[in-house]
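Colleague: Please give me a close look at one part of this model, a pocket of your choosing, and then walk me outward from there. I would enjoy a connected account that I can follow with the viewer open.

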Amino acid sequence: MKKALFLIAMGAILTGCQEQRADIQKKVDEYAVVKVSSPLMDKLSDKDKQVLNLFRQAGQIIDELFWEQTFGNPDFTSSLKDGAEKMYAGINYGPWDRLDDNRPFIEGFGEKPLGANYYPADITAEEFAAFSDPDKNSPYTVLRRDEEGNLKCIWYRDEYKDKLDRICLYLEEAAAITDNEGLRNYLLKRVEAFRTDDYFESDLAWMDMKDSKIDIVIGPVESYDDKLNELKTSYECFILLKDEERSAELAKYVSMLPDLQKMLPCKPEYKTFVPGTSSDLNVYDAIYYSGDCNAGSKTIAINLPNDDRVHALKGTRRLQLHNSMMDKFGKILLPIGRALIEDEQQKHLRSEAFFWNVTFHEVAHGLGVKQTVNGLGSVDEAMGDEKTTWEEAKADILGLFMVCELIDMEEIPLISKEDAITTYIAGLVRSVRFGSASSHGKANMMCYNFMREYGAFTRNRDGFYHIDYDKALEAIDAWADLILTTQATGNYMFAKEYSANHAKVSEALSADIAHINNLGIPRDITFEFVW
Ligand SMILES: [Zn+2]
């Protein structure tokens, strides 16, 4: 009897383990593996290829640095025995699921500390507030405890010195090899930045780097991983190849921005702002990601640097990552569209349309209203914690608006407005899957709900989406007008109430998402670098 009970209990434990393993394998499978290389590599000189190899070695150290920042131990995955756990920890840089609000997925781990490893694990917001060291707010210091347990600041250049020294050696070697003056200047300034934690000059040098076929974003850049204060920056590295043909095509749109601004569907007094035409918009293939940008979901467009002082002097650079976009389209967006949209309209799911929609989303961030019209200061100030959600919704719908206008003007070839709209709607469902934890997720829910409530799409008898393109075009104008008006009048109260009521997933949409999940359509991609 005892033995039987023991066996039953063992059975339960084994099944439990197997279930957990199957769960983690399922999570791993939510990321489609993509082999990364680029046809642009064939056109490079031997020197350029040597430089790329040095970049990649530097990039591998960036990976170790980010492990240290976000988790602590760069060798964590080698301590894991289970293959699925190992894979998933590698994708997430730790035992917390980045696509599931950082919930732990490995036994023995609790909540991810809000301050990751940028702060002592036991620090509280109150203790941080009471700590009186001016360096505590720097994006380039970590906080640690001294022997007595008191807080102290350590600069990145000291905390990570050994690894940074190795990175600098690779970058210096690359600078000595490259024939491109702009790239050399940037690399040497970046080395200086790693040694001083002052990135300003190297950011300016990156802005001036206009004619290099190869490019690298390397350093501490974004602060999203610091959930305690959104202050401390995370190391990341992108290695990029410029697609000169596609970039040349984009150049003309930058000069059209002032005219596009005048066409926005809103009151004339909301569009007096004149967008700059000096910002740089180019297309790249990303052949390597490491650190922060490689953790969880992957970036398909870059808009950097983040330093306002650089914006004022030189604007920003917008880099559209074409190969990663195409991978996300093929592996995720297209299967979603095929699962949800009625047969006759599926021909309008087009990778080129996805490229243009994403590209003009980025462009749209530079258009619209920057100052409120009623003395409430800048739109950012007036919109408070609704700022990012509305700005993302704006960029999304104005991006589609511009693509449609430019198709009418015969300035965007090869795709139709039907292609742009169909691909956009399937794209909204793709983004809504990331949930409401992010401003992007909330913005996409508002866009989806606005289009649906306006009648831009309905369900046919079999439950598939049927898009009414005339209604969709009206909906684009109406939604753009509502957003621009809200921003221009700094109407925070309205924004708050509207997003509370509309940044939601309806029952029907949540059934669509369950359907997509059941079909095993991946949520994101993960890379295997094959060069
Ligand atoms: Zn955006």
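**A pocket and what lies beyond**

Modeller: Let's begin at the second largest pocket, where α2 (46–70), α3 (83–92) and β13 (524–529) each supply at least two residues of the lining. Please keep in mind that this is a predicted model. Among the contributors, α3 gives the most to this lining, with four residues. The space in the second largest pocket comes to about 320 Å³. Its lining is made of 13 residues, and those nearest the centre are Lys86, Met87, Gly90, Ile91 and Thr526. If you are thinking about the chemical character of the wall, the lining of this pocket divides into seven nonpolar, four polar and two charged residues.

From α3 you can follow the chain into the loop between α3 and β2 (96–97), where tyrosine 93 lies. The backbone there deserves a look: phi of tyrosine 93 is near 55 degrees, a positive value in a residue other than glycine. Tyrosine 93 counts as buried because its relative accessibility is 3%, under the 20% cut-off.

A second positive phi turns up at aspartate 197, at about 60 degrees, and this residue is not a glycine either. Aspartate 197 sits in the loop between α7 and α8. With a relative accessible area of 6%, aspartate 197 is buried.

That loop leads you to helix α8 (residues 200–207), which is mostly covered, with seven of its eight residues buried. The buried ones are Phe200, Ser202, Asp203, Leu204, Ala205, Trp206 and Met207. Their cover includes α7 (181–196), β6 (214–222), β9 (301–304), α11 (308–314) and β10 (317–321). Two of those covering elements, β9 and α11, are joined by a loop that holds proline 305. The peptide bond from leucine 304 to proline 305 is cis, with omega near -5 degrees.

Now for the enclosed spaces. The structure holds two cavities of 30 Å³ or more. The largest cavity has a volume of about 40 Å³. Around it you will find Met209, Lys210, Ser212, Asp215, Lys242, Asp280, Asn282, Tyr284 and Arg317. By class, that lining has two nonpolar, two polar and five charged residues. Strand β8 (residues 280–291) provides the largest share, three residues.

Strand β8 also carries aspartate 285. Aspartate 285 is buried because its relative accessible area is 7%, again below the 20% limit. Leaving aside neighbours within four places in sequence, its contacts are Ser38, Pro39, Leu40, Ile239, Leu240, Leu241, His322 and Asn323. One of these partners, leucine 241, is 44 residues away in sequence, while the C-alpha to C-alpha separation from aspartate 285 is 5.2 Å.

The second largest cavity has a volume of about 30 Å³. It is lined by Tyr253, Val254, Leu257, Leu281, Arg318, Phe360 and Val363. Two elements, α9 (244–255) and α13 (351–364), give two or more residues to that lining. As for its make-up, six of the residues are nonpolar, none is polar and one is charged.

Phe360 from that lining brings you to the metal site, because His361 comes right after Phe360 in the numbering and is a protein donor of the zinc ion. The protein donors are His361 through NE2, His365 through NE2 and Glu392 through OE, lying 2.1 to 2.2 Å from the zinc ion. Along the chain these donor residues are spaced H-x3-H-x26-E. Both histidine 361 and histidine 365 are buried.

To place everything on a wider map, the domain assignment of the protein chain gives domain 1 (33–242 + 280–315) and domain 2 (331–522). Taken over C-alpha atoms, the centres of the two domains are separated by 30 Å. The contact between them takes 10 residues from domain 1 and 10 residues from domain 2.

If you return to the starting pocket with this map in mind, keep α3 on screen, as α3 gives the most to the lining there, and use Lys86, Met87, Gly90, Ile91 and Thr526 to find the centre.

Conventions: This is a predicted model: local features need pLDDT of at least 70, side-chain atom pairs count only at pLDDT 80 or more; totals for chains, interfaces and linings use all residues. Side-chain values use heavy atoms; hydrogens and water are left out. On a 1 Å grid over the protein atoms alone, a cavity is a set of points where a 1.4 Å probe fits but cannot get out, and a pocket is an open set with protein on both sides within 12 Å along at least five of seven lines; lining residues have an atom within 4 Å of a point. Grid points are joined across faces, edges and corners, and a volume is the space filled by probe spheres set on the points. Ala, Val, Leu, Ile, Met, Phe, Trp, Tyr, Cys and Pro count as nonpolar, Asp, Glu, Lys and Arg as charged, and the others, Gly among them, as polar. Donors are N, O and S atoms within 2.8 Å of the metal (3.2 Å for Na, K and Ca); water is not among the atoms, so sites may look incomplete. Buried means under 20% relative accessible area, exposed over 50%, partly exposed in between (1.4 Å probe, protein chains only). Domain bounds come from an automatic or database domain assignment. Contact means heavy atoms within 4.5 Å.
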